[in-house]
Amino acid sequence: MQLHYGINDLKDVDVMSFLPIVLPVILVGFILAMVALIDLYKNKKSRNNVLIWTLIIIFGNTIGPILYFVIGRKDSERA
Amino acid sequence: MNSFIVLMNKEFTQMVRDFKIIWLPLVFILLGITQPVMTYYLPTILEALGSGQGITIDPNIAAQQGGEILAGTLGAQFDQLGIIIIAISLMGIIQTDKANGMLAFILTRPVPVRSYVGGKIASNYIFTAFSVAVGYLASYLYVNLLFTNVAIFDMLTALLFYLVWILFIISFTTMISTLINSPGLIALISIAFLIGCRLIVGLSSMIDIINPASMSKHAMEVLITGSVNSNAIVNLVVSLLCAAIAIFITNYWISNKKFSNE
């Protein structure tokens, strides 16, 4: 079993064979994260914990943007 | 009736402002296409991780029926992550109005409670049903592309059955949202109860009849076998009745002003 792939092995991977099928999955996740990030950036002045939410959106796959939309879009008290 | 339309439009405006109109369909599309893609690549994944010792991947494994995969989408994705996402997105449906005093304000106006609750549930149901249907259609397209074709009539019947279960999910979450004040607790109770309902499906035929979650099982059966279970119609009526009871309790609770503002 080959667990480690070097940079030279990359050209052996046949990307085109699975890309058309996997691409929509990646694309939808990407749009979701982008919408969340754009909204966060626009309101960065009035939101709490902007940095933490950015990390959650980027690294919390799918569930991160959802959490942001549901509970992260509250403005802080002082704003 | 007029205030019903106004309150419904208000809900839709709220959804646009919350970006719910973008993310909920996207999430369900993502859930819907995960199942076919995962199943399609399962042999490859097993081969890559299973070291090939003592394991042979029979090429015939790919000959799975499309209907089974589509049923898997409903049973494995929508009934688990889907329920959690719907419950979380709806936990504030009435609770936010209670918390910021909007509910008390609306009730000082000559608005029937019926219109208020009806508008909330109708708008949220239309939108959630739309999201689920979009995700389901995406899954259907993928299944047709990667596996065998599913009869379009079976697909629509299953979707119809499934949407009845969605109606119960929404009315139940709304009811909990009216009864309880803390958003976290609302999400927890709804998720625990609804997933509990889904888990006990199939344990006993008596419970199945009064359990709205068995609509989801009937939907899966239609997809796998292509025929409608004889209990499905009884179940459909009972599920609608359960949803109606939940809506009635919500209505009763608000109209008797049993909510508190804190």
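Me: In chain B of this predicted model, in which helix is confidence highest, and in which is confidence lowest?
Reply: The mean pLDDT of chain B is 86. Of its residues, 92% reach 70 or more. Confidence is highest in H7(B), at 92. Confidence is lowest, at a mean of 82, in helix H5 (residues 102–108) of chain B.

Me: What ipTM does the predictor give the complex?
Reply: Two scores describe the complex as a whole. The pTM is 0.86. The ipTM is 0.79.

Me: How many helices and how many strands does chain B have?
Reply: Read along the sequence, the pattern of chain B is α-α-α-α-α-α-α-α-α-α-α. The tally is 11 helices and 0 strands.

Me: Why is chain B as compact as a globular protein of that length?
Reply: The globule rule gives 18 Å for 262 residues. Along the principal axes, the C-alpha atoms of chain B fill a box of roughly 70 × 40 × 30 Å. Chain B is as compact as a globular protein of that length because its radius of gyration is close to the rule, at 20 Å.

Me: Among contacts in chain B between residues at least 6 apart in sequence, what percentage join residues at least 24 apart?
Reply: Burial gives some context: 42% of the 262 residues of chain B count as buried. For the contacts, the share joining residues at least 24 apart is 82%.

Me: Which helix gives the largest share of the largest nonpolar core?
Reply: This core has 74 residues. Val27(B), Tyr162(B), Ile169(B) and Ala219(B) touch the most other members. The largest share, 15 residues, comes from residues 152–179 of chain B, helix H7.

Me: Which residues does Ile169(B) touch, not counting residues up to four places away in sequence?
Reply: Ile169(B) is among the core residues that touch the most other members. With residues up to four places away set aside, its partners are Ile83(B), Ile86(B) and Leu194(B).

Me: How many residues of H7(B) are buried?
Reply: At 1.5 Å a residue, H7(B) should span 40 Å. Its end C-alpha atoms are 41 Å apart, which agrees. H7(B) is largely enclosed by the rest of the structure, because its buried residues number 21 of the 28.

Me: How far does helix H1 (residues 2–17) of chain B reach from its first C-alpha to its last?
Reply: This helix has 16 residues. At 1.5 Å a residue, 22 Å is expected. The reach is close to that, at 23 Å.

Me: Which residue with a positive phi follows H1(B)?
Reply: Most residues other than glycine have a negative phi. The residue in question lies in the loop between H1 and helix H2 (20–49) of chain B. With 17 other C-beta atoms within 10 Å, it is partly exposed. Its phi is near 65°, and it is Phe19(B).

Me: In which loop does Thr62(A) lie?
Reply: Thr62(A) is not a glycine, yet its phi is positive, about 65°. It counts as partly exposed, with 18 C-beta neighbours inside 10 Å. Its place is the loop between helix H2 (50–59) and H3 of chain A.

Me: Which helix supplies the largest share of the side of chain A that touches chain B?
Reply: The contact takes 17 residues from chain A and 16 residues from chain B. On the chain A side, helix H1 (15–42) and helix H3 (63–72) each supply at least two residues. That side divides into 13 nonpolar, 2 polar and 2 charged residues. The largest share, 10 residues, comes from H1(A).

Methods. Residues numbered from 1 in each chain as written. Chains lettered and ligands numbered in written order. Predicted model: local features only at pLDDT ≥ 70, side-chain atom pairs only at ≥ 80, totals over all residues. Core = buried A, V, L, I, M, F, W, Y, C linked by C-beta atoms within 7 Å. Buried ≥ 20, exposed ≤ 12 C-beta atoms within 10 Å, placed from the backbone. Helix = DSSP H or I, 4+ residues; strand = E, 2+ residues; numbered from the N terminus. Contact = placed C-beta atoms within 7 Å. Nonpolar A, V, L, I, M, F, W, Y, C, P; charged D, E, K, R; others polar. Rg over C-alpha atoms; globule rule 2.2 N^0.38 Å. Expected span 1.5 Å × (residues − 1). pLDDT = per-residue confidence, 0-100.
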